[in-house]
Amino acid sequence: MNTLAATPIIAEEAKSTTRFTVPGMRCAGCIAKLERELPKVAGVNTARVNFSAKRVAIEHDAGLHEDDLIKALLNLGFEAQQVEDNPLGQEAGERKRLMRALGVAGFGMMNVMLLSVSIWSGAEGATRDLFHWLSALIAMPVIAYAGRPFFASAWMAIKHGRTNMDVPISIGVVLATALSLYETITGGPHAYFESAVMLLFFLLAGRALDAEMRTRTRAEIGALLGRMGKSASVIGPDGTARRVPARELEPGMLVLVAAGEALAADGEVEHGASSIDNSMLTGESAPERIGVGSEIHAGAINIAAPIQIRLTRTADDTAIAEIARLMDEAGQSRSQYVRIADRASRLYAPVVHALAALAFVGWMIAGAGWHQSLVIAIAVLIITCPCAMGLAVPTAQVVASGALLKRGLLVKDGSALERLAEVDVALFDKTGTLTLGEPRADIAALDEEARGIALALAQSSRHPLSKGLALTLREAGAAPATLSDISEQSGQGIRGQWNGVTVALERPDDAGEALATALLIGDDSHVLRFTDPMRSDCAPTLSHLAKHGVDASILSGDRNAPVQRVANQLSIPFAAEASPQDKLSALTALKDAGGRPLMVGDGLNDGPALAAAHASIAPGTASDASQQAADAVFIGEKLFPVALAIQVARRTMVIVRQNFGFAIGYNVLAVPLALFGYVTPLIAAIAMSVSSLIVVANSLRLASSANGDAR
Amino acid sequence: MTNLAFLIPIALLMGAAGLAAFFWAMRSGQYEDMDGAAARILIDEEDAEQ
């Protein structure tokens, strides 16, 4: 009953199942709360939490609307977002295929080994032949099934005239199996079935771990996604509003944008006045005032009052879609990156294949005859089959990314770790990257009582300023006061009663350009100003990067003055007022000059640059597109995971090279044995497992790489 | 040696049973939520309705 994937939609009782991502669940208490409290809501049947994916599947009456469920979740203290479909389905499928193959290989390995041990212990004659035949019967289907991921990948590489790690693996496995089968049929003494199956088992373990790491980080990232305008309230001719998904919007529709909502398409304001936060699109942090006739773009967040907008451009014509196209093109170069395992195998495969050929020719010349020469040549291939090589990279990367995950950095895959290790210059966006990207209030003027009232008011509202205020107050240790009759009016503010006094958070009269809110307690009024503070550890992060030889600079779309202020504070160079194209060309220029730039940014305007950079990192608050373009995502208010990523990535590459060193060292010892015909299946099996274990043990040293010398 | 005629099929059957159990566990979603399973053990069963 643990499954989410198999939860059926029970149609006959008019029940339906809706999935929500709930990024806020952190502990067992959250699971218990969600699963116990949700069924108490009218219409909800059961709730089942998947903690790894940070999701909850709610089975409810078909009549119950998703928005009511989101409200119910919010009442329990969890922000939630409906999950449309299963974006992780494909990867989960790949992981499952690998796990099944691993299970089959494990079964085959154990049974074949059982028979092989008896042969090594001295079984002879008819018994040995019987055991060889049994081994063949078990091993052949197991190899055919469990070897598919390698054979398929090797075949693809060869078809495109390239080579990768899977080519020597496949050749080794196929030849070992063929030779063993020949030996079995002719009643020969040596069959290598256990080596072939064991090789597949070890390599599949590495692959399965790798896939597990990717699904895990992608699930975490998936939980962060989906906060942008995915739908809009369209006002029909009769005045009623209905939600329409972004892709079904059409120019000419009239859309109501509530305060705090992100716009899903470009349009012109037809009714109302407000201010919008354009930082996702331009990097400009100060809100922009808009009125009737102003043009606003998809991705902008309406922060003051509800407005009505006549859509002008939708779906693929919006400014966002243009950026998406730029990102697509910029991302092309990254797909051409050759991973270290494949680079190693380009050197490795020709050498071992040449050695095997040489052994064959040498023994022929020495007059050993066809059969023996072939057996020795294949023994060379089996002994050099890159078992440790195949494990060298994935084990190190899996352990390292697990260590980084604990420190709040989600690395998407192994290739990202390899590229992160190579960066030599870092470019930072300002808003949302060096700064928090969320307004924080200046609450120094408030006393304990006022703080409690302000917190009680702020936490009842979903306005971005209220959220920022509530966060600041909670961090300052304020406890909410008890209020009654709380009511919120969009665009006006929120008010309530406190001990018979009217209290409110309102728009101040003299708001001007700066973000501010007024706290009213009876007749007293405090104006609270908001700023977008810098992340607290910018300076140590940058100096840590410098220690690793990575120079940092700012590349921002914001105005010159605020960027300069931040740059001076951190004493790093800067470039301001950069458009998405400017950022992209800055990155391209750096790459053309031979640099390997790291881009750290959050906004949509950073998207093309993130895609074009040699490696890129985005904060967890970044736009969906940016998180998808980035190689890694960091969570929380600290910037330090960025420096940590570089440090751990470099440490990982050191370990990977050591692992390669072990694998090559083992070959240097084992190949002469094979060349002179001393290798038996027993020696091959021992050599293979020992070298694999050494590599795995060495990789495990990375487990603590993200702690300790972190600062 | 005739023992082998029994022992080998038994060994294979036991291995196959283990493999079948693994496949069943995977199909029924036992590995879907590993972190959740670790956390669930900490939930008090005061009003045990799960």
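## Talking through a predicted two-chain model

Mentor: Welcome! Chain B has two helices and zero strands. Keep in mind that this is a predicted model.

Trainee: Thanks! What percentage of the 50 residues in chain B is buried?

Mentor: A residue counts as buried when its relative accessible area is under 20%. Applied to the 50 residues of chain B, that cut-off gives a buried share of 22%.

Trainee: And how much of the area that chain B exposes do carbon and sulfur atoms supply?

Mentor: Start from the total, since chain B exposes about 3700 Å². The part of that area supplied by carbon and sulfur atoms is 67%.

Trainee: Let's turn to pockets. Which residues are closest to the centre of the second largest pocket?

Mentor: That pocket has a volume of about 1200 Å³. Its lining counts 37 residues, and the closest to the centre are A:Ser153, A:Asp166, A:Arg207, A:Arg339 and A:Asp342.

Trainee: Which elements give two or more residues to the lining of the second largest pocket?

Mentor: They are helices of chain A. The list reads H3 (89-120), H5 (148-159), H7 (193-224), H10 (340-365), H12 (387-406) and H13 (414-422).

Trainee: How many charged residues does the lining of the second largest pocket have?

Mentor: Sort the lining by class. There are 14 nonpolar and ten polar residues. The charged residues in the lining number 13.

Trainee: Two of the central residues carry opposite charges. Why does the salt bridge between A:Asp166 and A:Arg207 tie together separate parts of the sequence?

Mentor: Side chains of opposite charge can pair when their charged atoms come close. Here A:Asp166 and A:Arg207 meet with an N to O distance of 2.7 Å. A:Asp166 lies in helix H6 (residues 166-186) and A:Arg207 in helix H7, both of chain A, so the pair joins parts that are 41 residues apart in sequence.

Trainee: Is A:Asp166 buried or exposed?

Mentor: The cut-off for buried is under 20% relative accessible area. A:Arg207, at 26%, is partly exposed. A:Asp166 has a relative accessibility of 5%, so it counts as buried.

Trainee: How far apart in sequence are the parts tied together by A:Asp631 and A:Arg419?

Mentor: These two form a salt bridge whose closest N and O atoms are 2.9 Å apart, and both residues are buried. A:Asp631 sits in the loop between helix H21 (624-629) and strand E26 (632-634) of chain A, while A:Arg419 is in helix H13, so the parts they tie together are 212 residues apart in sequence.

Trainee: Where does A:Glu37 lie, and which residue forms a salt bridge with A:Glu37?

Mentor: A:Glu37 is placed in helix H1 (residues 28-37) of chain A, and is partly exposed at 31% relative accessibility. Its partner counts as exposed, at 56%. The closest N and O atoms of the pair are 3.5 Å apart, and that partner is A:Lys40.

Trainee: How many salt bridges are found over all chains?

Mentor: The search covers the whole structure, and the count is nine.

Trainee: Last one: which helix gives the most to the nonpolar patch on the surface?

Mentor: The patch is formed by A:Phe662, A:Leu682, A:Ile686, A:Val690 and A:Ile694, with about 410 Å² of accessible area together. One of them, A:Val690, is partly exposed at 44%. The helix giving the most, with four residues, spans residues 681-700 of chain A and is H23.

How values were computed: Residues numbered from 1 in each chain as written. Chains lettered and ligands numbered in written order. Predicted model: local features only at pLDDT ≥ 70, side-chain atom pairs only at ≥ 80, totals over all residues. Heavy atoms only, no water. 1 Å grid on protein atoms, 1.4 Å probe; cavity = no way out; pocket = protein on both sides within 12 Å on 5 of 7 lines; lining within 4 Å. Points joined across faces, edges and corners; volume = space filled by probe spheres on them. Nonpolar A, V, L, I, M, F, W, Y, C, P; charged D, E, K, R; others polar. Patch = residues over 30% accessible without salt bridge, like charges linked within 9 Å, V, L, I, M, F, W, Y side chains within 5 Å. Areas by Shrake-Rupley, 256 points an atom, 1.4 Å probe, with all protein chains shown as cover. Salt bridge = Lys/Arg side-chain N within 4 Å of Asp/Glu carboxyl O. Buried < 20%, exposed > 50% of the residue type's maximum accessible area, 1.4 Å probe, protein only.
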